There are 4 protein chains.
Amino acid sequence: MKSAYQSIKEACYEANMQLPQLGLVLFTFGNASVADRSAGVFAIKPSGVPYAMLKPEDIVIVDFEAVVVEGNKRPSSDTKTHAVLYKYWENVGGIVHTHSTYATAWAQTQLDIPILGTTHADHLTVDVPCAPPMDDAMIKGNYEHETGFQIMTDFKRRNYSYEEVEMILVGNHAPFTWGKSVEKAVYNSAVLEEVARMAYLSVTIRPDVPRLKDALIQKHYQRKHGTDAYYGQ
Amino acid sequence: MKSAYQSIKEACYEANMQLPQLGLVLFTFGNASVADRSAGVFAIKPSGVPYAMLKPEDIVIVDFEAVVVEGNKRPSSDTKTHAVLYKYWENVGGIVHTHSTYATAWAQTQLDIPILGTTHADHLTVDVPCAPPMDDAMIKGNYEHETGFQIMTDFKRRNYSYEEVEMILVGNHAPFTWGKSVEKAVYNSAVLEEVARMAYLSVTIRPDVPRLKDALIQKHYQRKHGTDAYYGQ
Amino acid sequence: MKSAYQSIKEACYEANMQLPQLGLVLFTFGNASVADRSAGVFAIKPSGVPYAMLKPEDIVIVDFEAVVVEGNKRPSSDTKTHAVLYKYWENVGGIVHTHSTYATAWAQTQLDIPILGTTHADHLTVDVPCAPPMDDAMIKGNYEHETGFQIMTDFKRRNYSYEEVEMILVGNHAPFTWGKSVEKAVYNSAVLEEVARMAYLSVTIRPDVPRLKDALIQKHYQRKHGTDAYYGQ
Amino acid sequence: MKSAYQSIKEACYEANMQLPQLGLVLFTFGNASVADRSAGVFAIKPSGVPYAMLKPEDIVIVDFEAVVVEGNKRPSSDTKTHAVLYKYWENVGGIVHTHSTYATAWAQTQLDIPILGTTHADHLTVDVPCAPPMDDAMIKGNYEHETGFQIMTDFKRRNYSYEEVEMILVGNHAPFTWGKSVEKAVYNSAVLEEVARMAYLSVTIRPDVPRLKDALIQKHYQRKHGTDAYYGQ
């Protein structure tokens, strides 16, 4: 008998399998999830299962409190972080977490990735935010749950909208990206890695590299995402 | 019934498909075009179509004013830049735009790529020019059209010939390359990326690395492109 | 007739073949070994045989004094180092030596790889140790044997347990990793290379990058390896 | 009818085809040659022919004065450099020239590649020499012929033996490697690229990285190449 969640299980499986193909994960260092808003659940990768051995039926279904609803395996150790974001950010349809090399290296520096060019501005109008590491009590407490709040708190502090900025670095840890669909979240992870790589190269050529001027930021973002967008079909 | 532009459509398709194979584009971040001078048109990639899904019949035909002549899809958002260059640079047969990693990182620094070795001098005798970012009025105006003029203005200011220097970085944006044929334009994009990468490595090993001496610049360029060239068959 | 050591020969062959697949070795620059504790021997790659030509029957069996027990080929020139580690570290089941690019570059600097993020803390709670180069008498003496002692001496000096820290850089030389099984040792080599690469990027972005805070180190290590670990199946 | 030089033509073809497979050449940026000492000739890649289109019958046979003996195509533009080295270095059986990325980046800096680790010492006991750029008269004269002399002059100045040191960077240009056989020359090109890459990483982590101590240099070189060598079968 088919699972009532067959559709998000398969979408979740496909999204997870894209991560190693895009060069974004080594071994088990990442996970993708897909929400079914009407059912109030999401599908997520099981913990510690290598991509080469992952099967669609291994995908775990959990609710927005991170309680397992269906599945024989333990869900990703990062499940609570996904759950918090789905619970409070109601238009998120998919979330991806990786330890992709350049984005993670920036996260280790605790620095935002500065907006230096149109490749970046095609996707967001601000530096890629890096949330500071949590205080010790949060780390020792409900860690993965707190990671979700750390992300949301950073967005509130900066007054960013999760619908406009679909990525963050968690300081000393690694990136999380999201989107209306999991396909967009996967895309955002790959874009973030490339933007992180280009910024790495630019700041090591020229440490005082200037930030992209505002007119270019607005132009590139608006032509792709604005009300008069003319990019794409 | 076959299109009257079948030949340039296929050449354009082939050129675009080479870009991901050469590692020069991620997702949809690039486009190649091919001119038919006798017909006064060029073929260009449709906007936002992933390479994996691109088909020859998707290619759009536009004239040198960037008006669509044939095709069911919207042409690349960079079409006006291509159109301006074809209109004013009469011996250009193909143009390629990418966001290749190292070339784009240099563009983000707003620095020319210094000529440091014979790999560079085999292809051009000057630093790879980086045009400054446009002023705000140009950006807010007819942006992609102005990008073409920004490129041409930079060549005039430097007194460069587009037939000798077949590449430029648009500051804060990314590279454009061209050639008598689109095959040459694609080749130039790959060469530019490699030259950008080597220069990156050299300046990070030795920030005061000296520019290539003039005798070597002339020797390498002339043996490949001069009247007494003896490179190739 | 089958060898009494067929099982570790095959495991050793498989482990060695993974090294080029994981991008950790060029030509013959690496070797993996597998111990059979009950028989008091280990299987190791023959010296100087390219991976493309390696066959399971080429694997050499030696005892913990590095004396050949079975095999037609000369064992790896690093055999004595493996033998010392197996002899004194009784729970080691497999050892891998590579010259993987980033780890070896750190070894050349004679610096420990600083713990900067959770990717590192998921695997060990301390900087990746770099043992100092040996003194000249040891180098001129029984070099590969002394390399094993140099590794153990460094662990004693730092008060590290080989069961908790399963990797080291030998200064000016290259990494060694180990584990309860050879699969774990191979895994550790790949993790080390990625950790070395991320640390390289972080320190070149920000030379004064801070060390990971202790609460995060403990949290990430314990959730994967502690008594209440909840990572994996 | 088969060529009298069939054997070196095929060896030359195979060696050239390995260069792109090892990631050492882009487009036509490299060439390998193979000497037949008894016939006083060598086989070399034709000029400007892409590797994807190269066929064994395209290989050109020239003598040690660089005069074509057999072949329908023009030989590599670097043929005179190969010819000089074959003429004066009588035990060289194969030569390879590439513009591999890291080695060429070092050549652009005009710096020797410092010996920093055992990966380097396994192959040579000195820094990889970088010959200075030639003076203008030599460049404007018989350039490729002079390049061969520049290499030999640098070896004489440093008192290096071409049989012990089988590689050089030509300042501002790119590497040349050689060996008793062309297989060894190809191997040396790949080793040089990896050594160049590791040294790049080490000097950018730690600009004052110390040179490898002499005892380690001698130990690693001698165990592979000395009279009591015990590396390999």
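Start with a pair that stays apart: no contact (heavy atoms within 4.5 Å) joins chain A and chain D, and their closest C-alpha atoms lie 10 Å apart. Chain B and chain C do not touch either, with 10 Å between their nearest C-alpha atoms. Keep in mind that this is a predicted model, in which local features need pLDDT of at least 70 and side-chain atom pairs count only at pLDDT 80 or more, while totals for chains, interfaces and linings use all residues. Residues are numbered from 1 along each chain as its sequence is written, chains are lettered from A and ligands numbered from 1 in the order in which they are written, and side-chain values use heavy atoms, leaving out hydrogens and water.

Now for how the copies are arranged. Two copies of a chain are related by a rotation about an axis and a shift along it. To put chain D on chain C, you turn it by 90° with 0.0 Å of shift along the axis, and the RMSD is 0.0 Å; the fit is by least squares on the C-alpha atoms of residues with pLDDT of at least 70 in both copies. The two copies are thus related as by a four-fold rotation axis. Look for D:Thr204 here: in chain D its C-alpha is the nearest to the axis, 5.2 Å from it. The two copies use different surfaces, as 6% of the contact residues of chain D recur in chain C.

Chain A goes onto chain C with a rotation of 90° too, with 0.0 Å of shift along the axis and an RMSD of 0.0 Å. In chain A, the C-alpha nearest that axis belongs to A:Thr204, at 5.2 Å. Here the copies again use different surfaces, and 6% of the contact residues of chain A recur in chain C.

Let's step inside chain C. Helices here are DSSP runs of H or I with at least four residues, strands are E runs of at least two, and both are numbered from the N terminus. Helix α2 (residues 79-88) and helix α6 (residues 143-158) of chain C have axes that come within 6 Å and cross at roughly 45°; axes are lines fitted to C-alpha atoms, for helices over the stretch in contact, and angles run from 0 to 180 degrees between N-to-C directions. That makes α2(C) oblique to α6(C). On the α2(C) side, the residues include C:Val84, C:Leu85 and C:Tyr88, and they meet a set in α6(C) that includes C:Phe149, C:Ile151 and C:Met152.

Chain B offers another helix pair. The axes of α3 (residues 101-109) and α7 (residues 182-205) of chain B come within 7 Å and cross at roughly 60°. Among the residues making the contact are B:Tyr102 and B:Trp106 of α3(B), along with B:Leu192, B:Tyr200 and B:Val203 of α7(B).

Finally, back to chain A. The span of residues 10-200 is 39% helix and 18% strand, with its end C-alpha atoms 35 Å apart.

Methods: Angles under 35 degrees count as roughly parallel, over 145 as roughly antiparallel, 65 to 115 as roughly perpendicular and the rest as oblique.
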